[in-house]
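Trainee: Could we go through this model together? I should like to begin with its packing and then turn to the strands.

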Amino acid sequence: MAAKMLMLASSGLMGALAKKYHQEADTLQLASENHTVRDKKSFVALSGNGWCVDADGLEGTARTKTLVMNCKGAQTLCARDDLCVAFACVDSKEWAVLYSTTNCALACDKVDWITNPKLITRGGWDSSQAEMSDWAQGACFVDESATRGFRNVHHSLTSCDFEVDTCGWHANLEYKWQMTHGTSFAVSSGPHAAHSGTGFLNVDASGAHYPDKSFKLVSPLFDEAGTSQDQLLMTFWYHMQGKDMGSLNLKCDIGGTPTELFKKSGDQGSDWTKAVVEVPLTQCTFEAITGKGPEGDVALDDISLRATPASRTCNFEEEGLCNFWEAPAGGWKRISGKADGRDRTGPSQSATGVDNFYVVMDGSAGYPSKSFTLQTKEDFLSSDAETLEFKYSMYGDNMGKLEVFAVKLDGTEELVREQGSNMIGQQTQDGTEWKDAKYSIPAGTIQIKMVGTTGANKDLGWKSDIGIDELKFTVKKSTKLR
């Protein structure tokens, strides 16, 4: 800061005392010549005046740019720069300083003044000194998003690949995650490449970074990422390789209490691993804790958020299978009335009436022993066991079978048993009969697949139409989030 003052003084910018600033900082409103600029970024004036400094009076917590420019020009320039988070100005003397993050969340010693602008001192840095008199009558303006917890309004909360910046994720303690391109710093620990692209976040466990050193990475606020009716899923890829590996956890604010929703400890292998965690509409923090030695780098990449409907209930009255279900390979179709116009197989109407709709696997679409899948369209996450209910018709004397599979995060498929009998062979006596089915879907499921298989007879396998109707499935919030 002293060097900056000498620079300003030597350039002749510091002259006689300027006239008193004509508006108080907390009421000052800056006009913009370009309305699109205002839409891109808006600023709020902080109480007090002078430099944008933190609670310790330090202005050097972000990179700065000193300009000969009035306040209106400074606002326009800062609003057009994605990395600019604040500016200080003395309009009467046309002096301005722009503050840029330049990934300050990962590279600077302190970011408290960004994440909590109230920490900025009210009187201005060294405002009692003669050379600071003009600045003492100036004002500090901060990007409005910073006053709401550094929620980065220029990046989608739905994804971050760490190719350019950290998308609002920031470190807040002594030990920093580092944005890395290419490979990690260690030879026998850490990834040799990003999960995708070239950028990722890395914890370097070497040097003085072990043992038991805490590296925290704090998310933006998630309050615009979904609704209370949605399930908010965070997907991320992590890498934890090394004989000295410590741990990685994810904690989220639930009712004001940091609650652990994910944790891995020890060497997890040389590959990137995918994780999906249900998170609340609040804020979350990753914490990597180093192990006993230097070979314990932890890395993160491709963090994404997705709000997905909690309910997959469908009576098939809406076109498009209620937008929740799909038949990627065909075989299943939505109809009303008789299944295929032929006798001795398939429903003659829906479970709720002649004019209503249902879905049917048409046995003539492929036989013998051909399988067709009806599955949930978007991934969800069952943190606890859930119940799948539906009505079914399996009428035909060469009937195949109907199976339900629960797909897990690692891609494995678990056959789920019906709470009654296995659905193999003819189950209903005519086209008007429908039966009830109930399945317990295990915790950790991300997708449901309902697989119908046509009859085994090479001549009569078409007599195996399977109908499904009144399908009910709702994912309840994790007990940790309730």
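Mentor: The notes below take the packing before the strands.
This is a predicted model, in which local features need pLDDT of at least 70, side-chain atom pairs count only at pLDDT 80 or more, and totals for chains, interfaces and linings use all residues. Residues are numbered from 1 along each chain as its sequence is written, and side-chain values use heavy atoms, with hydrogens and water left out.

Trainee: How many residues has the largest nonpolar core?

Mentor: That core has 34 residues, and Trp177, Leu248 and Phe286 are among those with the most contacts inside it. A nonpolar core is a set of buried Ala, Val, Leu, Ile, Met, Phe, Trp, Tyr and Cys residues joined through side-chain atoms within 4.5 Å; buried means under 20% relative accessible area with a 1.4 Å probe, protein chains only.

Trainee: Which elements give two or more residues to this core?

Mentor: They include β8 (199-203), β10 (230-240) and β15 (298-309). β10 gives the most, with 5 residues. Strands are DSSP runs of E, at least two residues, numbered from the N terminus.

Trainee: And what is Leu248 in contact with?

Mentor: Leaving aside neighbours within four places in sequence, its contacts include Trp177, Tyr238, Phe262 and Val298. Contact means heavy atoms within 4.5 Å.

Trainee: Turning to the sheet, what is the strand order?

Mentor: The open sheet of 4 strands runs β9-β14-β11-β12, with antiparallel pairing. Two strands pair if DSSP finds at least two bridges between them. β9 and β12 are the edge strands, each pairing on one side only.

Trainee: Over how many bridges do β11 and β14 pair?

Mentor: They pair over 6 bridges, in the antiparallel sense. Cys252 stands opposite Cys284 in β14.

Notes
Buried means under 20% relative accessible area, exposed over 50%, partly exposed in between (1.4 Å probe, protein chains only).
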